[in-house]
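Grab your viewer and let's work through a few exercises on side-chain packing and backbone angles. Each task comes with a worked solution.

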Amino acid sequence: MRSLTSELPQAPTPSVLPEGASLRSKAGRGSRNLASLLSEEFGHKIRQGLLREGDKLPTESELVRNYDVSRTVVREALSKLQAAGLVETRHGIGTFVLPAQHNPGPVLSAHELSESVDVLAVLELRISLETEAAGLAAQRRQPQDLEAMRAALQAFEYHFAQGNDTVEHDLAFHLSITQATGNRYFRDILEHFGTLLIPRNRITSIHTSPRDPDYLRRVNREHEEIFSAIERQDADSARAAMRIHLTNSRERLRLAQRLSQAANLPSDT
C-alpha cells in the first residue's frame, strides 16, 4: 500500500510507516491500537516538517482506503491529533496542520492527576449519553430549542471575548440539546452532574485559555458543528459531531495525563 504522503520528501526514520506497510500488521506486533498508530504516523510527519503549517491532510475517505482502516479509527486518530494541537478540522473543507506550538501542554498536579481519572470516567458516560441525545435532538428539536442553543453559543462567544468564564454557557449548550430530545431523563442526568461535567472546571491546569488562546475558540467551533447538524435535522451528523467534540475533550485530558506522568518520571542518572 503506497504512503499517502509519497509526494512529500521522506525523512529516513523507522517511526514512519514505510512504502507498502500496513497499519494492521504493525498493530499486530504491539499493544497500540490502530487509531494510536495512525495519529502517531501523522504526528511524526508534522513534527519532522514533512507536513507543514496549512497543509491539508488526506480526506477521511482517502485515509480509510489507503490505510485499510475503518472510519471510526480515522475519526479517533484525528481527535488525538486535534487534542494534541497539531491539526484543526474545518467543516466541509478538511483537516489542516496548525502552527507549531512551543508550549508542551498542560501539566497536572498530583491531586489533579488523581481527579482526572474520575473526569475521564464521566466523559465516557457523556460520549454514550450525549451522542444519542444529539441524534434525537436533531429529529425532535423545536424552534424554542434552537433559540436556546443559539443563545448559549452566543453567550459563550461573548464571555470568551471578554475574558470571562465560559463553563456556565458551555453547560447551558449541552443542557439545551438534552431538552430538545423531549426525554427529560437525558437532562436530569446532566443536571445531576452540573458544571462538574465540564473538564476544565474540575482540572484547573487544562483551563488553557492563557496558554492557548485558540482553545476555547476550538471548543465553540465544535459546538457550532453540533448545532448546525441539529438545526438542519441531520441526526447522523449531529451524533458524529457530538462524538468528535467529547472525544476531543477526552483526548485533551489523556494528553495532559501523559505529559504529567512523563514529567514525574525519575531521570536515569
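**Exercise 1.** Leaving aside neighbours within four places in sequence, find which residues Phe173 is in contact with.

*Solution.* Step one: set the cut-off, since contact means heavy atoms within 4.5 Å. Step two: skip the sequence neighbours within four places and read off Met149, Ala152, Leu153, His223, Ile226 and Phe227.

A quick note on what you're looking at: this is a predicted model, where local features need pLDDT of at least 70, side-chain atom pairs count only at pLDDT 80 or more, and totals for chains, interfaces and linings use all residues. Residues are numbered from 1 along each chain as its sequence is written, and side-chain values use heavy atoms, with hydrogens and water left out.

**Exercise 2.** Work out which residues have the most contacts inside the largest nonpolar core, and which element gives the largest share.

*Solution.* First, the term: a nonpolar core is a set of buried Ala, Val, Leu, Ile, Met, Phe, Trp, Tyr and Cys residues joined through side-chain atoms within 4.5 Å. Buried is under 20% relative accessible area, exposed is over 50%, and partly exposed is in between (1.4 Å probe, protein chains only). The largest core has 20 residues, and Met149, Phe173, Ile177, Ile226 and Ile230 have the most contacts inside it. H11 provides the largest share, 5 residues.

**Exercise 3.** Place Asp68 and say whether it is buried, partly exposed or exposed.

*Solution.* Helices are DSSP runs (H or I, at least four residues), numbered from the N terminus. Asp68 sits in the loop between helix H3 (60-67) and helix H4 (71-83). Its phi is near 55 degrees, a positive value in a non-glycine residue. Asp68 counts as partly exposed because its relative accessibility is 40%.

Terms used: Helices (H or I, at least four residues) and strands (E, at least two) are DSSP runs, numbered from the N terminus.
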